[in-house]
Amino acid sequence: MILDEIEISLTEIPGHITACVFFCGCSFTCPYCHNPELREFGYSGTDTEDMVDRVVQKLGEAKEDGVTAAMFTGGDPLFSVSADSFITTLINALKADNFELELWVSTASLHKARKIAHNNLISGFMLDIKTLMDCACLAGPFHLIQRTSHLKSILTSESKIEIRTTVARSLHDSVVIVAMARQLADLGIKKWTIQGFRPKNCLNAAFNDMPQFTLKELQYFQSLAQDFIETVELRPNLMEKEGG
Ligand code: SF4
């Protein structure tokens, strides 16, 4: 359920040194997924019984090294049937440490995230929206159109929510970006982060050879989306490929 290692990030939560805690299991099959091993449920050898204690202990040690925030990410941290109660237990156990706590959420898990949001358990959510709300090409049965009531409900809570979309050729173009921006604006979304996919260790090996969008192309998407959404941020994630 949980990967037995924690990664430190200086960029995941702006203004914080963040410990990323990785959860296993995910119902999506994003071809650009660069953590395909995390999609498998039960990847870790850790049993559930002592998981909370282990994470609390690891984050306690990280805090002594200057870590001020924790991000539960994956995979999909809310994928398993009992994930929301496990995460609630974990969050309560971490309360004394005063961490800024954020949770990565997929559209498949919005109903569980909604409960967590309204219990004021977490500072913020990072919601990964793959493509158009009514398109099932990446999200299988979990496209957002069926989940908008949960998203609207989270937007009324006190938790911050960041909407992020990973873009890749063959999946996104200017028409898709404009249509997504319209849909997000209609939901009342005021900030959207567009990030480039990383062509490395991809679930679909063909994506390892797929050129990333250039900075100029991403900036064009940004300018199109800004006609609908107040703040559109870019995370280009540009990589230099060997020999190229
Ligand atoms: S990118 Fe994320 S949501 Fe997509 S398959 Fe990988 S872990 Fe799942």
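**Close-up views of a predicted model**

**View 1. Strands β6 and β7 run parallel and are joined by five bridges.** Two strands count as paired if DSSP finds at least two bridges between them. Helices (H or I, at least four residues) and strands (E, at least two) are DSSP runs, numbered from the N terminus. This is a predicted model: local features need pLDDT of at least 70, side-chain atom pairs count only at pLDDT 80 or more, and totals for chains, interfaces and linings use all residues. Residues are numbered from 1 along each chain as its sequence is written. Find T165 in β6; its bridge partner in β7 is I194. Together, β6, α6 and β7 form a right-handed β-α-β unit. Right-handed here describes the path from the first strand over the helix to the second: it runs clockwise when the strands point away from the viewer.

**View 2. Strand β7 (residues 191-196) also pairs with strand β8 (residues 231-235).** These two strands run parallel, with five bridges between them. I194 appears again here, standing opposite L234 in β8. A right-handed β-α-β unit is made by β7, α7 and β8.

**View 3. Strand β5 (residues 124-128) pairs with strand β4 (residues 100-106) and with β6 (residues 160-167).** Start with β4 and β5: they are parallel and share five bridges. E102 has G124 of β5 as its bridge partner. Helix α4 (residues 110-118) joins β4 and β5 in a right-handed β-α-β unit. Now turn to β5 and β6, which are parallel with five bridges. G124 stands opposite K160 in β6. D128 has R164 of β6 as its bridge partner.

**View 4. Helix α6 (residues 174-186) crosses helix α7 (residues 215-225) at roughly 35°.** Their axes come within 9 Å. Axes are lines fitted to C-alpha atoms, for helices over the stretch in contact, and angles run from 0 to 180 degrees between N-to-C directions. The crossing of α6 past α7 is right-handed, meaning that the near helix is turned clockwise from the far one by less than a right angle. On α6, the contact is made by S174, I177, V178 and A181; on α7, by Y220, F221, L224 and A225. Residues are in contact if their C-beta atoms, placed from the backbone, lie within 7 Å. By class, this contact has seven nonpolar residues, one polar and no charged. Ala, Val, Leu, Ile, Met, Phe, Trp, Tyr, Cys and Pro count as nonpolar, Asp, Glu, Lys and Arg as charged, and the others, Gly among them, as polar.

**View 5. A shell of residues lies around the ligand.** The shell holds C26, F28, T29, C30, C33, N35, L38, R39, G74, G75, D76 and S106. A residue is near the ligand if its C-beta atom, placed from the backbone, lies within 6 Å of it. Five residues of the shell are nonpolar, five polar and two charged.

**View 6. Two loops show backbone details.** G75 lies in the loop between β3 (69-74) and α3 (83-94). The peptide bond from G74 to G75 is cis, with omega near 20°. S170 sits in the loop between β6 and α6. S170 is not a glycine, yet its phi is positive, about 80°.

Conventions: Two residues are in contact if their C-beta atoms, placed from the backbone, lie within 7 Å.
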